[in-house]
Amino acid sequence: MVSHCQTGRSYVSITFNRRFGSFAAYTNGLRLAHFEQYQAQHPNETKESAAIASGYSSYNSYYRAKQKFERQE
């Protein structure tokens, strides 16, 4: 990201922290959105397979991330 933006690492970090809370929060938000989209496009798939397709190691990992995200809102 730093090389793509041609800026300093600190600037990118500060910008992400101000806008999204952290880079981890940003990526988890993307994963959560992907889970919902994946389920809508693949209604016959299990929640476990949707979680794995979204970058989580299991449905439980997805569920914990979702709970944490909802508490932060």
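Q: What counts as a pocket here, and what as a lining residue?
A: On a 1 Å grid over the protein atoms alone, a pocket is an open set of points where a 1.4 Å probe fits, with protein on both sides within 12 Å along at least five of seven lines; lining residues have an atom within 4 Å of a point.

Q: Which residues line the largest one?
A: Ser22, Ala24, Ala25, Asn28, Leu32, Ala65, Lys68, Phe69 and Gln72. This is a predicted model, where local features need pLDDT of at least 70 and side-chain atom pairs 80 or more, while totals for chains, interfaces and linings use all residues. Residues are numbered from 1 along each chain as written, and side-chain values use heavy atoms, without hydrogens or water.

Q: Which helices supply that lining?
A: α3 and α5 each give at least two residues (helices are DSSP runs of H or I, at least four residues, numbered from the N terminus).

Q: How do α3 and α5 cross?
A: The axes of α3 (residues 23–41) and α5 (residues 59–72) come within 10 Å and cross at roughly 120 degrees (lines fitted to C-alpha atoms over the stretch in contact, angles from 0 to 180 degrees between N-to-C directions). That makes α3 oblique to α5 (not under 35, over 145 or 65 to 115 degrees).

Q: Which residues meet there?
A: Leu32, Phe35 and Glu36 of α3 contact Tyr59, Tyr62, Ala65, Lys66 and Phe69 of α5 (heavy atoms within 4.5 Å).

Q: And α2, at what angle does α2 pack on α3?
A: Helix α2 (residues 9–20) packs on α3 at about 55 degrees, with the axes 8 Å apart. Phe16, Asn17 and Phe20 of α2 make the contact with Phe23, Ala25 and Tyr26 of α3.
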